[in-house]
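Student: I have the coordinates open and would like to go through the contacts and the confidence scores. Can we take them one by one?

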Amino acid sequence: MTTYEEFIQQNEERDGVRFTWNVWPSSRIETTRLVVPLGCLYQPLKERPDLPPIQYDPVLCSRNTCRAILNPLCQVDYRAKLWVCNFCLQRNPFPPQYAAISEQHQPAEVIPMFSTIEYIITRAQCLPPIFLLVVDTCIDDEELSALKDSLQMSLSLLPPDALIGLVTFGKIIQVHELGCEGISKSYAFRGTKDYTAKQIQDMLGIGKFSAPQQQQPRGPGGQVLPPANRFLQPVHKCDMSLTDLLGELQRDPWPVAQGKRSLRSTGVALSIAVGLLEVSLGLAPVSKITTIMCTYPNTGARIMLFVGGPCSQGPGQVVNDDLRQPIRSHHDIHRDNATYMKKATKHYEALAVRAATNGHAVDIYSCALDQTGLLEMKQCCNSTGGHMVMGDCFDSSLFKQTFQRVFSRDQKGELKMAFNGTLEVKTSRELKVSGAIGSCVSLNVKGPCVSDTEIGMGSTCQWKLCTFNPNSTCALFFEVVSQHPAPIPQGGRGCIQMITQYQHSSGQRRIRVTTIARNWADASTNLHHISAGFDQEAAAVLMARMVVYRAETDDGPDVLRWVDRMLIRLCQKFGEYGKDDPNSFRLPDNFTLYPQFMYHLRRSHFLQVFNNSPDETSYYRHMLMREDVAQSLTMIQPILYSYSFNGPPEPVLLDTSSIQPDRILLMDTFFQILIFHGETIAQWRSLHYQDMPEYENFLQLLQAPIDDAQEILQTRFPMPRYIDTVQGGSQARFLLSKVNPSQTHNNMYAYGGAMPIPNAESGSPVLTDDVSLQVFMEHLKKLAVSSTA
Amino acid sequence: MYHPNAGVPPQMQQPPMGPQGPAASYPSPHQHMGPQQPPHPGMQSQPARRLDPDHMPSPVQVMEDDQRNRSGIFYTNQKGMVPPLVTTNFITRDEGNASPRYIRSSMYNIPATIDMMKQVAVPFGLVVSPLARTLDEEYLPPIINMGEIGPVRCNRCKAYMCPFMQFIDGGRRFHCLFCKATTEVPPEYFQHLDHTGLRVDRFERPELILGAFEFVATEDYCRNNTFPKPPALIFLIDVSYNNIKSGLVHLLCSQIKEIVKLLPKDEGAEKSNMRVGFITYNNTVHFYNIKGCLAQPQMMVVGDVQGMFVPLLEGFLCDPTESEAVIDSLMEQIPTMFADTRETETVLAPAIQAGLEALQASECAGKLLVFHSSLPIAEAPGKLKNRDDRKLLGTEKEKTVLAPQGNVYSSLGQECVAAGCSVDLFVFNNSYIDLATIGQVSRLSGGEIYKYTYFQADLDGERLIADIKHDVSRPVAFDAIMRVRTSTGVRATDFYGHFFMSNTTDMELASIDCDKALTIEIKHDDKLTEEDGVYIQVALLYTSCGGQRRIRILNLSLKTCTQMSDLYRCCDLDTIINFIAKQTVFRLLESSPKSVKENLVNRCAQMLACYRKNCASPTSAGQLILPECMKLLPLYVNCVLKSDAVSGGSDMNIDDRSFIMQAVTIMDIPSSVVFFYPRLIPLHDIDVDSDELPPSIRCTSDKIRDDGVYLLENGIHLFLWIGLNVDMEWIQNVFGVQSAAQIVIDRTSLPVLDNALSVRIKLVIDSVRKERHRCMRLTLVRQCDKLEMVFKHFLMEDRGMDGTASYVDFLCHMHKEIRNLLS
């Protein structure tokens, strides 16, 4: 028997699933008493290069209310050519083409190793993805030319048959017609007026002409192509002219008076982009021809919005054009002093809904020193799974590399992105699904497995994922149906099936099915079975998602109190202790890190807004909502490595005590990669020891963390901010704000300090009033054992 | 009612010569005539003894006489001197009053009292063409730059320094003749006086001795107190199906290059500072970026016709030489891009709005040339209903179709004028287009309408291009404000022309050019004194085509009189008719046509009756006695009444009527004279060796012989009437065919033939065309053809087809009215 640790790892590798609890309590009441909800983090597009290409349709359970997909957990009667659905127990005959199956000749989908399997639906149309660039022109010339370079470069990264479009905006919005000769044409829109999809269609003159040559365009192999029009053209057809067009892009010409901001119409530009795609895909039926278009399935599309500043006019405005009035801060929001926030948020939320309904994603690449309104626009990315990238300028490697990485390809040379997906969850009868938290929207599909209680986006068993990539992770929450006391259900296992239908970047329609099962246990008698199956990492991330989801609507202190209460209750439930004796408190091994995660979560910029702009907060939260468990944990509790002459690099405590003069620290917070040189090291470096041949080992020491950092920098999306600093340097604040302040100005000079200092020889005090992890733990123990709490 | 003396045989009588008589230099004194049976307009039975039309006052004769007696140099040194007729060739020497080309008064001797004004009923009006062209022998108004201090003005009435200001107090102060106030002379402007009390520097300062001059304005006279940028010209081209099919778009685009070379420039400037821009539109509006540095033009489409805006800033208005290559390629692209258009629903108001906002965005004044084809029926602001109902014309209800529908175009016109944006409409309609409504934009913004119904590029192209070139190249002022100041006792009260007034004194003109006149009625508000006289100063503040802000000042001094005979001696009938016509056209939009016409006839009768009663020696009541300078009044009034602008009935369509009414509203006097009494020139007996225009003849069918060829023009139409019995040789030489019957009537120009006669005839036609600011389409009319009816309609002395009175009939009617008044 493998350990749970291995089991969890295997499961994650194979199915992309991590459950908070790997043994499930058999009754509802007991489940709620577990404090951490029963749920999982699921990566629908987990990279599985080993999966065989299954080029046929999945076999469905014939019961109308079920329609689950044949999977390795089903009982198969090879003689009778029957299979029993493990969700509804329906006996289903195999379809005729399965006539040849036998124990020796099993179809892939019933082989246990293929608990996750992917079908390629060959009869579906092959639709190339659409990329619509929406470019802010109210930016400096250098910035603009850097952005233009990036965009021109990106043309070579796109699949040649992908459709591309260009919208530019400043004071006005221009939708560029592609592929005209002799004259460059664009359609202009006012930046202060919201247009309906119908208006946009009329003004662009699309959808309305039932030109006879518009017989369904057919691509090679008789595939029906999506309706390309003057504004969306295949990359291979227009890359030359588009390169020229991008090259000729000029800065927004309208003069900006002293003390004013540029008038930037991000809100309307995005609205037009959304409308253009709605129209292009014939979703607004107007005439005969468009009704034909309507029969096309929604095509995956990505609106890529590049903004260099806040929207300062029209719908979606987040600030006015007067520079004397700064853009809203958390303080303003708290005091209800953010004039434009509510209205703007409403505008972008409506757009997000429209885009999501059509299966189109919105990426926001925001590069500006000040905020650009990500707070208001966040829902566009959050709902559609689009990227949100925040940088200082377009002329930075952060943006350039990140943008390039959007188009990264897998081993088969295909873009690592999926479009227009739906995630459906099916559960066996003992379970119901109560919601999801992640970069998705509810499709509001009711079913027998939908729970009445809602966590996150609930009341549905299907969610839309407009775009997602291998890292995208969705948190799913479940509820046990049976009331207590319940016998362990027959078979002893509960099943969950996750069905993800999506448009692959190659244009294929694919269905990925993951079926998992876990044992039931009676919590009243076998709590230790259940607690042994606790995945504290998954639990920490799942809780973090719940907390952040809550924080989006609730006030800060309430949320923190909820986190604390949940933690205390968990400790009370699973800790071993004597009543009112804090010193006796012990947690099981697989729970010990959990309080620490919660401590760092409480201090993190996900919940603490001090020193962060609302945009930053939105950005951080956005990333937490989509990354997998490992990355999310890094965000919650940064990783710290220490480099010294004493041995190989070692992970060290995220604690002030780790800051030593003769060490180099490498911190990975997910958003930042920081190399921190201890005082002594820094001195040596400034004396250029590394340049002297006799100190080559010092050179190597200096180089080691840089190399490690590069490795992280090369793979992560979005590319982290790279910081190289020294002890006492201004940038060191990034480290000091993250480490556990076990040593502060409050206690370092205290006689015989109350706190046990693990490494008494040094450490670096941090100027903060925050409590240290040690104090936090003391309090936690006290409250957990208290009989009154 | 029959006069007791009716039936007395007509007799010519020697005129009474006396103090009230006209100047001895006039050869023909009062024209006296006795009536016959008082005829009635429209009465069918001809009286037994027919009055010989040749004995009735003849305009041709009057013009010839004036040409003979008053040609040469006209010095403007005297107060209240009546200038020669506009038809006379004369050269003006400005000696203190502005040239009559710029300003004419209906009377040069003003009755001193309101009561007297009422009795004589002669209107006191001014017709001002502030930018009128001058002859080569005449001087342009000099431009005076006063530097920082700007023009010197009266403190109270703000009149500008002019020869009428009297310096007193050793030159330290001046006395204003307009308001009688005294103003300190600014120290920079001080000059000593000589022994006659005049400034010693007066001959160095044009404003002290001339009637017309210009000041360079200071920043105070500019919009937002900043000097203006040079004005711009924007072409707005309707690229819908009609204009593509008629070949207009193609033609226009091929000619733009030549047209923009003709942009006007300030005197002495090397090249024009004006910039050009291009907009096309159908049911959306398309802007073009033509910046010289671009590799190819950029087109920006604005589909939001509900909220029009300008999508680009730089590169829309460009110097045509700098952007020549881009403009060339744009002009190749436009016809290609829209070649296959099927769009028939167009917008108009949003397109004009687009041009207006483009000018506003560039912070300059300018002009829009709109080339429009059809009634704007696309769903957009300014969408119009088809209310074409020609049966209403001439009835009490005609106002309903002659007044604008809705106020979109009127308010757009006001926005235009506020921004200094003038709109010229070139209309290429194949059906009703509602000029009465869309023309409001032009009316309010000081623009003009050109109309080419059933336009075909191959037939009418030349004419259109000539019109555009003329329009673009003529002297023009932009973003102007004009005010008329008068000396106390009289006041400018009513204003006619294409402009907008937001108050009661200032005419705001987004542009005004040499071909337009403004007509202003002056009324008494007090008694005048005989010694003082009446002083008039017209000030036009404007931006020149080079972008200089200037003020053109026109001064005119008139005498005052207490004797009615003095008044009747010093009237300018052409000005009176111009005034009366504009006033009548204006009134047609307010009251019923019948009462307007009756009023006009009554007023005319009153003018003449008052003369008869007070100035003529007592003679038989049966005699018609006309004042010398008004002897053509009955004829001209009849012409006004018969003109298309006033009586155009159901034989014309509503757009034609509106067009003519608007044309009359902007007419200067040379145009109005020929419009109301067309010129008829016999060509069959032309002197081939001469290079002058042949003398014209009276405008009546009596003078037309069937072996003759006649050219008739009124500034709008140009007919060549060919009798069926014309000399074969003449026909052969001019038309290259054997007989009149073989002439192809549909052609709009004469064939080019290599003989002296053909060359001469073409020259005559060209020179007649050159005199008018619209290029008239040549219509060939063969005797007895259908079109002859149209031609005859313009023979003003004849009885009209619709029963309007002939000259004889009207004169008799007038006589009857006068007698009624006298009795």
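Student: How many salt bridges are there between domain 1 of chain B and domain 3 of chain B?
Tutor: This is a predicted model, and side-chain atom pairs count only at pLDDT 80 or more. B:Lys703 and B:Asp54 form a salt bridge, with their closest N and O atoms 3.0 Å apart. The count between domain 1 of chain B and domain 3 of chain B is one salt bridge.

Student: How do the residues of domain 1 of chain B that touch domain 3 of chain B divide by class?
Tutor: Start with the contacts: nine residues of domain 1 of chain B meet seven residues of domain 3 of chain B. Three residue pairs are in polar contact between these domains. The domain 1 side divides into five nonpolar, one polar and three charged.

Student: Which three residues supply 52% of the area that domain 1 of chain B buries against domain 3 of chain B?
Tutor: Take the total for the pair of domains in chain B. Domain 1 and domain 3 bury about 600 Å² between them, 37% of it on carbon and sulfur atoms. On the domain 1 side, no other three residues supply more than this trio. They are B:Asp54, B:Val60 and B:Asp644.

Student: Where in chain B does pLDDT stay under 50?
Tutor: The average for chain B is a pLDDT of 89, and 94% of the residues score at least 70. For the model, ipTM is 0.84 and pTM is 0.87. Where pLDDT is low, the predicted coordinates should not be read in detail. The stretch under 50 has 97 contacts beyond four places in sequence, and it is residues 1-48 of chain B.

Student: Now the two chains. Which residue of chain A forms a salt bridge with B:Asp304?
Tutor: The interface of chain B and chain A has one salt bridge. Its closest N and O atoms are 2.8 Å apart. The partner of B:Asp304 is A:Lys193.

Student: Which element gives the largest share of the side of chain B that touches chain A?
Tutor: Ten residue pairs are in polar contact between chain B and chain A. Two elements of chain B give two or more residues to this side: β15 (298-302) and α6 (324-337). The largest share is five residues, and it comes from β15(B).

Student: How many nonpolar residues are on the side of chain B that touches chain A?
Tutor: In contact are 25 residues of chain B and 20 residues of chain A. By class, the chain B side has eight polar and one charged. The nonpolar count is 16.

Student: Which residues of chain B lose the most area to chain A?
Tutor: The two chains bury about 1900 Å² between them, 54% of it on carbon and sulfur atoms. Three residues together make up 27% of what the chain B side buries. They are B:Val301, B:Phe309 and B:Leu313.

Student: How far apart do the C-alpha centres of domain 1 of chain A and domain 3 of chain A lie?
Tutor: Domain 1 of chain A covers 4-60 + 115-123 + 417-526 by the domain assignment. Domain 3 of chain A covers 638-739. Their C-alpha centres lie apart by 40 Å.

Student: In chain A, the peptide bond from A:Phe717 to A:Pro718: cis or trans?
Tutor: A:Pro718 sits in the loop between α19 (696-715) and β29 (721-726) of chain A. Omega of the bond from A:Phe717 is near -10°. The bond is cis.

Terms used
Residues numbered from 1 in each chain as written. Chains lettered and ligands numbered in written order. Heavy atoms only, no water. Contact = heavy atoms within 4.5 Å. Buried area = accessible area lost by both parts, 1.4 Å probe. Salt bridge = Lys/Arg side-chain N within 4 Å of Asp/Glu carboxyl O. Polar contact = N/O pair within 3.5 Å; in protein donor to acceptor, adjacent residues only side chain to side chain. Nonpolar A, V, L, I, M, F, W, Y, C, P; charged D, E, K, R; others polar. pLDDT = per-residue confidence, 0-100. Helix = DSSP H or I, 4+ residues; strand = E, 2+ residues; numbered from the N terminus. Domains from an automatic or database assignment.
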